[in-house]
Amino acid sequence: MIRAVGKQTGWAWILQRITAIFLAVGLMIHFWVLHYAKLFDPEMTIPSESRWVGARFFESPLFWTVFDGLLLTTALYHAMNGVYGIVQDYNPSKKAASIWVWSLWALGLMLFVIGLSLLPRFVAFTTGG
Amino acid sequence: MGLDYIKEAKLNWHAGMVSFLAQRISGVALVLYLVAHIYSLSFSQVSSEAFDKVVKGYAAGFFMHTVEWLLLVAVLFHMFNGLRIIAADWLGITHLQRGMFWIAGVLTGAIALASVVVFF
């Protein structure tokens with residue numbers, strides 16, 4: 001139970017836990033504004049619609065850009081590192097392990113760039129763009 | 001190659017094994033969802049109308065509501081069980097891990113049930 005993510009190096013292991021704690025708090029906020037917020041606003045039937053996302057970003061663009069950016073970064077790190085933890089449980093050869101590492105980094109970075117490029121769009125939602 | 005989870009689980013059937021299997025299954029499900037999540041958000045690059053069409057598609061019908069709710073359950077379990085593992089380790093309370101596993105389960109169940117009104 002102590003090293004649930006497998007035979008990783010110290011840094012990967014500690015970062016998995018730091019991102020876990022950030023995600024626990026961050027996802028609660030994420031779910032609140034995108035799902036539970038409608039409980040307190042009868043007009044807000046679907047809180048993830050562009051007008052509500054846009055209104056949120058219009059009110060505090062810096063906060064939500066940084067917050068969503070951090071959520072994206074930590075979620076992708078936690079996800080890719082988690083998958084690598086599973087891979088390591090199967091005792092891969094050195095070559096197989098390095099193929100996994102490079103593939104997961106490539107996938108993670110690609111999703112990071114795509115995700116990050118969307119954040120300015122959410123700000124633009126307020127202007128009807 | 002590899003591990004035979006079913007055989008292992010049968011041989012070592014206890015809270016730790018249930019925790020391990022459920023953490024792994026929910027983790028893999030959430031990784032797959034994360035990829036789909038970023039893909040569907042990318043419709044915001046097309047237009048706010050295209051984005052809303054996708055969003056409304058997710059928020060319609062019993063099937064999609066169930067999928068969203070199951071994702072919530074996966075997140076809640078993975079979160080509470082993960083925090084239990086970190087707490088057991090960093091606070092030196094491994095001897096309480098079994099009790100904490102049930103607490104994680106109860107918290108997951110309670111919040112998931114209470115959230116039915118939000119997701120359906």
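The legends below describe close-up views of a predicted model.

**View 1. Overall architecture of chain B in the predicted model.** Chain B contains six helices and zero strands. Read from the N terminus, its elements follow the order α-α-α-α-α-α. The C-alpha trace of chain B extends over about 55 × 40 × 30 Å along its principal axes. The radius of gyration of chain B is 18 Å, whereas a compact globule of 120 residues would have a value near 14 Å.

**View 2. Burial and contacts within chain B.** Of the 120 residues in chain B, 19% are buried. Contacts between residues at least 6 apart in sequence were also examined in chain B, and 62% of these join residues at least 24 apart.

**View 3. Surroundings of A22(B) in helix α2 of chain B.** A22(B) belongs to helix α2, which covers residues 15-41 of chain B. A22(B) is classed as partly exposed because it has 18 C-beta neighbours inside 10 Å, while a buried residue needs 20 or more. When residues up to four places away in sequence are left aside, A22(B) touches F77(B) and N81(B). A22(B) and F77(B) are separated by 55 residues in sequence, yet the distance between their C-alpha atoms is 8.2 Å.

**View 4. The largest nonpolar core.** Eight residues form this core: L23(A), L72(A), A75(A), L76(A), A79(A), M80(A), Y84(A) and L111(A). Helix α3 of chain A, residues 61-89, supplies the largest share of the core, with six residues. In soluble globular proteins, nonpolar side chains tend to be buried together. One of the core residues is L76(A); leaving out residues up to four places away in sequence, L76(A) touches G108(A), L111(A) and F112(A). Of these contact partners, L111(A) is itself listed in the core.

**View 5. Another nonpolar core, apart from the largest one.** This core has six residues. Among them are W52(A), V53(A), F122(A) and F125(A).

**View 6. Confidence along chain A and its N-terminal residues.** The mean pLDDT of chain A is 91, and 91% of the residues in chain A reach 70 or more. Over residues 1-6 of chain A, in contrast, pLDDT stays under 50. The model nevertheless has 15 contacts beyond four places in sequence for residues 1-6 of chain A. Where pLDDT is low, the predicted coordinates should not be read in detail.

Methods
Residues are numbered from 1 along each chain as its sequence is written. Chains are lettered from A and ligands numbered from 1 in the order in which they are written. This is a predicted model: local features need pLDDT of at least 70, side-chain atom pairs count only at pLDDT 80 or more; totals for chains, interfaces and linings use all residues. Helices (H or I, at least four residues) and strands (E, at least two) are DSSP runs, numbered from the N terminus. The radius of gyration is taken over C-alpha atoms; the globule rule is 2.2 Å times the number of residues to the power 0.38. A residue is buried if 20 or more other C-beta atoms lie within 10 Å of its own, exposed if 12 or fewer, and partly exposed in between; C-beta atoms are placed from the backbone. Two residues are in contact if their C-beta atoms, placed from the backbone, lie within 7 Å. A nonpolar core is a set of buried Ala, Val, Leu, Ile, Met, Phe, Trp, Tyr and Cys residues joined through C-beta atoms within 7 Å. pLDDT is the predictor's confidence in each residue, from 0 to 100.
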